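Please find below my notes on this model, set out as numbered points. They are meant to be read with the sequence and the structure open side by side.

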Amino acid sequence: MHVRAEIQNSVTKIEKSIELLKQRLDWETAPYRLEEFGAMIEDPTLWDDPERAQKLMRDRQTLMDAVDMAKSIAQEMQDNIDMIELGEMEEDQEVITDAEQALQALEVKAAEKELEALLDGEADGNDTFLEINSGAGGTESCDWASMLARMYIRWAEKKGYKVELQSESAGEEAGIKSAAYKISGHNAYGWLKSESGVHRLVRISPFDSAAKRHTSFTSVKVYPVVDDNIEIEVNPSDIRIDTYRSSGAGGQHVNTTDSAVRITHAPTGIVVTSSEKSQHQNRDIAMKALKSRLYQIELDKRSAMVNEVHENAGDAGWGNQIRSYVLQPYQMVKDLRTNFETSDTKGVLDGDLDGLMAATLAQNVSGKSRADAQGE
């Protein structure tokens, strides 16, 4: 087969991605592990413990999906290689071109799956809490906070994740002072954890009649939703629970009863709120959010890289930003940790974040790999 160097390069990259996927799966033992899952599922006493049964079913499905994905990528690659050979034999350039384009698209897909396979941190597969708080900049910052909220909701929807608003505080003139969301889906925390930090916006202000350029800051914090299998002890004497009347941004988010719940954890100073459900549900949601925050502290202690990110997050203002979004005088989004940048500011603000996230993930993985190598 006489393929262009560019296409041969794509094939090589796909093969490397497949090999990495197989390594992460421990490919040789995967069939035996699936057999073990099958045997456990057939145990008639399994559902005596629903939580254990559900976890078992999730773990089995995750392994099955990963095995199927590796096989699917390998088969699709071979099918297109065969199509190129057939096109060359029959001198059909259209067939060759279609197969080459398919291989290039598959290269991108395989790279994405390779990155997902590297999401193997203790809580990477968990759902996540996402908190957004406006910072320096007044009304500008509140509007920027609402733009970030929209960006993350769009991103989550594209991933097929479920987004639930936990609490929201409206800005005095526009936007939001703060908002908290629960985002549910496989690897939600693994992807979003890189977003913790301060996000800086530069633009011509829509609130300034003189049309001057303004800089706004908003902080984002991400915490994994604690699994039922992860025990986090909270001493009742360490917390204060208050109920209050919430004030949403309007419409469906207005809560007219004293059902909002605020929990304050005295030893750490952590404050969590929930105001979108009944008082009983809000209490449950807030306790889960508190446990997630405490669990994140434990994760930070174990991970120097994540700890550094959170310690450097600081206040939402000058000097603490992890990413800049510049809309004037030119168009550019740049991550200050990886130097990844794109001029597609509209796409990013519409939720096209995978490139930015993947660059941070790849950097974190390579840093972890170097640290592991040094420790051996």
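1. In strand β11, Thr-342 is the bridge partner of Val-333. The model is a predicted one, and in it β10 (residues 332-335) and β11 run antiparallel, joined by two bridges.

2. These strands belong to an open sheet of eight strands with mixed pairing, whose order is β2-β3-β1-β5-β4-β9-β10-β11. The edges are formed by β2 and by β11 (341-342), each of which pairs on one side only. As a general reminder, strands of a sheet pair through backbone hydrogen bonds, in either the parallel or the antiparallel sense.

3. At the other edge, strand β2 (residues 162-170) pairs with strand β3 (residues 176-184) in the antiparallel sense, and eight bridges are found between them. Within this pairing, Val-163 stands opposite Ile-183 of β3. The hairpin that β2 and β3 make has five residues between the strands, and Gly-175 takes a positive phi there, near 65°.

4. Which strands does helix α5 lie across? Helix α5 (residues 139-159) lies across β1 (128-134), β2, β3, β4 (197-204), β5 (213-224) and β9 (321-326), and with respect to β5 it runs at about 45°.

5. How many aromatic pairs are there? The count comes to two. One of them is formed by Trp-144 and Tyr-325, an edge-to-face pair with 4.9 Å from centre to centre and 70° between the planes. Because Trp-144 lies in helix α5 and Tyr-325 in strand β9, this pair ties together parts that are 181 residues apart in sequence. Trp-144 and Tyr-325 are both buried.

6. Trp-155 and Tyr-161 also form an edge-to-face aromatic pair, with 5.6 Å from centre to centre and 75° between the planes. Are these two rings carried by buried or exposed residues? Trp-155 has a relative accessible area of 1% and is therefore buried, and Tyr-161, at 11% relative accessibility, counts as buried as well.

7. Charged side chains placed over rings deserve a separate mention. Lys-159 lies over the face of Trp-191, at 4.3 Å from the ring centre. Arg-262 is placed over the face of Tyr-244, and there the figure is 4.3 Å from the ring centre.

8. A further residue to inspect is Phe-37, which is found in helix α2 (residues 30-41). Why does Phe-37 count as buried? Its relative accessibility is 15%, and buried means under 20%, so Phe-37 falls within that class. Leaving aside residues up to four places away in sequence, Phe-37 touches Leu-56, Asp-59, Arg-60 and Leu-63. For Phe-37 and Leu-63, the separation is 26 residues in sequence, while their C-alpha atoms are 9.8 Å apart in space.

9. Some totals for the chain complete the note. The chain contains ten helices and eleven strands, and 41% of its 376 residues count as buried. If one takes the contacts between residues at least 6 apart in sequence, 63% of them join residues that are at least 24 apart. The accessible surface of the chain comes to about 19,900 Å², and carbon and sulfur atoms account for 47% of that area.

Key
Residues numbered from 1 in each chain as written. Predicted model: local features only at pLDDT ≥ 70, side-chain atom pairs only at ≥ 80, totals over all residues. Heavy atoms only, no water. Pairing = 2+ DSSP bridges. Helix = DSSP H or I, 4+ residues; strand = E, 2+ residues; numbered from the N terminus. Buried < 20%, exposed > 50% of the residue type's maximum accessible area, 1.4 Å probe, protein only. Contact = heavy atoms within 4.5 Å. Areas by Shrake-Rupley, 256 points an atom, 1.4 Å probe, with all protein chains shown as cover. Axes fitted to C-alpha atoms, helices over the stretch in contact; angles between N-to-C directions. Phe/Tyr/Trp six-rings, centres within 6.5 Å; stacked < 30°, edge-to-face > 60°. Lys NZ or Arg CZ within 6 Å of the ring centre and 35° of its normal.
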